[in-house]
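This report walks through a protein chain for a reader at the bench, beginning with its aromatic rings and moving on to helices, loops and one serine.

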Amino acid sequence: MRRIQERVLGTSKTGISNTTSDIWLLGARYKISQDDSSGNADATNALAAFHRDFSSRILITYRKGFDMIEDSKLTSDVNWGCMLRSSQMLVAQALLFHRLGRSWRKPVDKPLDRDYVEILHLFGDSEASAFSIHNLLQAGKAYGLAAGSWVGPYAMCRSWESLARSKREETNLEYQTLPMAAYVVSGCEDGERGGAPVLSIEDAARHCTEFSKGREDWTPILLLVPLVLGLDKINPRYIPSLQATFTFPQSLGILGGKPGASTYIVGVQDENAFYLDPHEVQPVVNFSRDDVEANTSSYHCDVVRHIPLDLIDPSLAIGFYCRDKDDFDDFCSLASKLADESNGAPLFTVANSYKSSKHDSSEVRDDDPLGVMTMNDAESCLNEDDWQLL
């Protein structure tokens, strides 16, 4: 199993470096620095707290032995499903934060939290589980998703938007499998080429209203921001901004990895990114949504792996979860400040509407050979030969 991971990502670097720099994990700060008054004790406690937090994040990997995916005859996603698995991890964290809070940690004893078990059940490997790989592929057909084929971050984000919409239509408002609006932040609606994606506050509000079927002005919201931050490699101008997103309380991390090998990046320390790796092959696990005695060990990882940020694929997607309007307003304030301090290279911008952002000249344009491209531009630059099927 480990040979598959090493083949796609190279030999893993594990553990924490000797640096005393702070670690940021999905909006949580762990102070590793030592001072004369506290000595080693505080740093040791911070590392232990970080490890417990990291191992509490939900891991979703390749599985084998699940029900055949439609007519494909495939009963495993080995060598092609890593982007789907990475995206499942990101959405699973959003559900954890929504239902159990950011401070939740995986249980040591049983019975398990019922909400926790229900969340894992949603990502089971059968059509009966709302967010299974089977249902993701079905929802993403319009964006090129197919069993056995690799997919990029933009198509993955749109597929989640489509799946969330279809599940919302199937159930009543009181029980939503994804109890939040889903908004993919991409290029301007008029198709203008180049420039950073625009998060439109009006558009976010519209998604919330549609999610609540007109009953509420605002609801919890999942924000997905697909980006292309260069051609063959990430433009180093964007790395400080990528690092800063992990300090946001709303952070859900990044879908990214080496070219053609997606991982779920959950934290940073200096120039290193900590990630959960979907490239381990595990047998399928099936348990009911109320099985509080279930064995959930395959959904967590105690091994901390890291990769230099400048080595990750420039095609990636960032996720954020905002619990309510105040949380969203705080996110917009943080994101606007980050864009203002980006020296003309924002990851994305925030505006009341698309029209109000149309003449913003601070964004990197498409004449910058390593600048932000809209996803439509990026996809026109790529073809199947640019991606390994992993």
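## Aromatic pairs

In this predicted model, the count of aromatic pairs comes to 14. One of them is formed by Phe50 and Phe274, whose rings lie 5.4 Å centre to centre with 50 degrees between the planes, a tilted arrangement. Because Phe50 lies in helix H2 (residues 40-56) and Phe274 in strand S10 (residues 272-276), the pair ties together parts that are 224 residues apart in sequence. Both partners are covered: Phe50 is buried with a relative accessible area of 0%, and Phe274 is buried with a relative accessible area of 2%.

A second pair is formed by Trp218 and Phe328, and it counts as tilted because the ring centres are 4.7 Å apart and the planes stand at 45 degrees. This pair also links distant parts of the chain, 110 residues apart, with Trp218 in the loop between helix H7 (201-211) and strand S7 (221-228) and Phe328 in helix H9 (residues 325-340). Trp218 counts as buried at 15% relative accessibility, because the cut-off for that class is under 20%, while Phe328 counts as buried at 0%.

## Ring cluster and charges over rings

Ring pairs also join into a cluster, which links Tyr30, Phe50, Phe54 and Phe274. Phe50 and Phe274, the tilted pair described above, therefore appear here together with Tyr30 and Phe54 as members of one linked group.

Two rings have a charged side-chain end placed over them. The charged end of Lys325 sits over the ring of Trp218, 5.3 Å from its centre, so that Trp218 takes part both in this arrangement and in the tilted pair with Phe328. The charged end of Arg63, in turn, sits over the ring of Tyr299, at 5.0 Å from the ring centre.

## Overall make-up

The secondary structure of the protein comes to eleven helices and 14 strands. Of the 390 residues in the protein, 56% are buried, and the accessible surface comes to about 16500 Å², with 46% of that area belonging to carbon and sulfur atoms. When contacts are taken between residues at least 6 apart in sequence, 75% of them join residues at least 24 apart.

## Two covered helices

Helix H3 (residues 82-100) has 19 residues, which at 1.5 Å a residue should span 27 Å, and the 26 Å between its end C-alpha atoms agrees with this. Because 16 of the 19 residues of H3 are buried, the helix is largely enclosed by the rest of the structure. Just after H3, Gly101 takes a positive phi of about 90 degrees.

Helix H6 (residues 153-170) has 18 residues and reaches 26 Å from its first C-alpha to its last, close to the 26 Å expected at 1.5 Å a residue. H6 is mostly covered, with 14 of its 18 residues buried.

## Backbone details in the loops

A cis peptide bond, with omega at about 5 degrees, joins Lys110 and Pro111, and Pro111 lies in the loop between H3 and helix H4 (114-122).

Positive phi values in residues other than glycine include that of Leu26, near 45 degrees, and that of Lys213, near 55 degrees. Leu26 is found in the loop between strand S2 (23-25) and strand S3 (28-30), where it is buried with a relative accessible area of 0%. Lys213 is found in the loop between H7 and S7, and with a relative accessible area of 48% it is partly exposed. That loop between H7 and S7 also holds Trp218.

## The surroundings of Ser251

Which residues does Ser251 touch, not counting residues up to four places away in sequence? They are Leu26, Gly27, Phe97, Thr245, Phe246, Gly319 and Phe320, and the list thus includes Leu26, the loop residue with the positive phi near 45 degrees.

Ser251 itself lies in strand S8 (residues 251-258) and is buried, with a relative accessible area of 1%. A polar atom of the Ser251 side chain lies 3.3 Å from the backbone nitrogen of Gly253.

How values were computed. Residues numbered from 1 in each chain as written. Predicted model: local features only at pLDDT ≥ 70, side-chain atom pairs only at ≥ 80, totals over all residues. Heavy atoms only, no water. Helix = DSSP H or I, 4+ residues; strand = E, 2+ residues; numbered from the N terminus. Buried < 20%, exposed > 50% of the residue type's maximum accessible area, 1.4 Å probe, protein only. Polar contact = N/O pair within 3.5 Å; in protein donor to acceptor, adjacent residues only side chain to side chain. Contact = heavy atoms within 4.5 Å. Areas by Shrake-Rupley, 256 points an atom, 1.4 Å probe, with all protein chains shown as cover. Phe/Tyr/Trp six-rings, centres within 6.5 Å; stacked < 30°, edge-to-face > 60°. Lys NZ or Arg CZ within 6 Å of the ring centre and 35° of its normal. Expected span 1.5 Å × (residues − 1).
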